[in-house]
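Colleague: I have a new model open and don't know my way around yet. Can you walk me through what is there?

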Amino acid sequence: MEVSRRTFIKVGIVGGVGASAFGFNLGPVYAQTQALKISRTSETRSTCPYCSVSCGVIIHTLGDKAKNTTAQVVHVEGDPDHPINRGTLCPKGASLEQDILNDRRLVKPQVRRPGSDHWEDISWDDAIDEVARLVKKTRDETFVEKGGQGRTVNRCEGIGWTGGCTDTNELNFLAVKAMRSMGVCYFETQARV
Ligand code: SF4
């Protein structure tokens, strides 16, 4: 059989399940390369952050976490022991490694000022101060003490809260306490953890 570039790529794809154009089965070789990739990694169990299905994932990391090394994520896969997904992931979850290893990923807070057309870097301390100031200002301006029938309602109608699917019960417990203490009514999470 003549092996063209196209045939070679095709062989690579089907090699995991059948015989190849070279007359031998590439399946074991393919399985071996997969095993080698994660043979020295640390496994961390986590939850896919994308939707409320909350599939379990295993994050494989190289590096022993000593002070003079930087751990490097090398592979992310579905967790076969997780009761929700049993090792499967949808295409979004299967691309999680590209979400982690992405030079366009934001790792610091940014702000876009009213009327501005661009985002500015801001320190964590300044970001927390600004959020606190705006929360207080919004609450002061939108707090409703009495409802339409004159009953005391004490609600804040100008702030809403949405939670991510990786928020734990503990975080959501604190979020409920914090938001309800300010009178926030519009509150939703997609916690399944
Ligand atoms: S893997 Fe897909 S279905 Fe599962 S939580 Fe992530 S986005 Fe949702």
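Colleague: Which strands form the open sheet with mixed pairing, and in what order?
Modeller: Three strands, in the order 6-7-8. Strands here are DSSP E runs of at least two residues, helices are H or I runs of at least four, and both are numbered from the N terminus. Two strands pair if DSSP finds at least two bridges between them.

Colleague: Which strands are at its edges?
Modeller: Strand 6 (143-146) and strand 8 (184-188). Each of them pairs on one side only. Neighbouring strands of this sheet are turned by 30° against each other on average, direction ignored. Angles use lines fitted to C-alpha atoms, for helices over the stretch in contact, and run from 0 to 180 degrees between N-to-C directions.

Colleague: What packs on this sheet?
Modeller: Helix 5 (residues 124-142) does, touching strand 6 and strand 7. Its direction makes about 140° with that of strand 7. Helix 6 (residues 169-181) lies across strand 7 and strand 8, at about 160° to strand 8. Contact means heavy atoms within 4.5 Å.

Colleague: Before I go on, where does the model come from and how is it numbered?
Modeller: This is a predicted model: local features need pLDDT of at least 70, side-chain atom pairs count only at pLDDT 80 or more, and totals for chains, interfaces and linings use all residues. Residues are numbered from 1 along each chain as its sequence is written, and side-chain values use heavy atoms, with hydrogens and water left out.

Colleague: Back to strand 7. How many bridges join it to strand 8?
Modeller: Four bridges join strand 7 (residues 152-162) to strand 8, and the two run parallel. Gly160 has Tyr186 in strand 8 as its bridge partner. Strand 6 and strand 7 pair in the antiparallel sense, over three bridges. There Val144 stands opposite Arg155 in strand 7.

Colleague: What holds strands together in general?
Modeller: Strands of a sheet pair through backbone hydrogen bonds, either parallel or antiparallel.

Colleague: How many residues lie between strand 6 and strand 7 in their hairpin?
Modeller: Five. Gly150 in that hairpin takes a positive phi near 85°.

Colleague: Which residue in strand 7 has a positive phi without being a glycine?
Modeller: Asn154, with a phi of about 45°. Asn154 sits in strand 7. Its relative accessible area is 40%, so Asn154 is partly exposed. Buried means under 20% relative accessible area, exposed over 50%, partly exposed in between, with a 1.4 Å probe and protein chains only.

Colleague: And what about Arg86?
Modeller: Its phi is near 50°, again positive in a residue other than glycine. Arg86 lies in the loop between strand 3 and helix 3 (91-94). Arg86 counts as exposed because its relative accessibility is 56%.

Colleague: Why point out a positive phi?
Modeller: Because most residues other than glycine have a negative phi.

Colleague: New topic. How are strands 1, 2 and 3 arranged?
Modeller: They form an open sheet in the order 1-2-3, with antiparallel pairing. Strand 1 (42-47) and strand 3 stand at the edges with a single partner strand each, so one side of each is left without a neighbour in the sheet. Neighbouring strands here are turned by 30° on average, direction ignored.

Colleague: How many bridges pair strand 2 with strand 3?
Modeller: Six, between strand 2 (residues 56-62) and strand 3. Ile59 stands opposite Val76 in strand 3.

Colleague: Where is Gln72, and what is it in contact with?
Modeller: Gln72 is in strand 3 (residues 72-78). Leaving aside neighbours within four places in sequence, Gln72 is in contact with His60, Thr61, Leu62 and Leu101. Leu101 is 29 residues apart from Gln72 along the chain, and their C-alpha atoms are separated by 8.9 Å.

Colleague: Is Gln72 buried, exposed or partly exposed?
Modeller: Gln72 counts as partly exposed because its relative accessibility is 40%.

Colleague: Which residues are around the ligand?
Modeller: Cys48, Tyr50, Cys51, Val53, Ser54, Cys55, Leu89, Cys90, Lys92 and Gly93. That takes a heavy atom within 4 Å of the ligand.

Colleague: And the whole protein: how many helices and strands?
Modeller: Six helices and eight strands. Buried residues make up 23% of the 193 residues.
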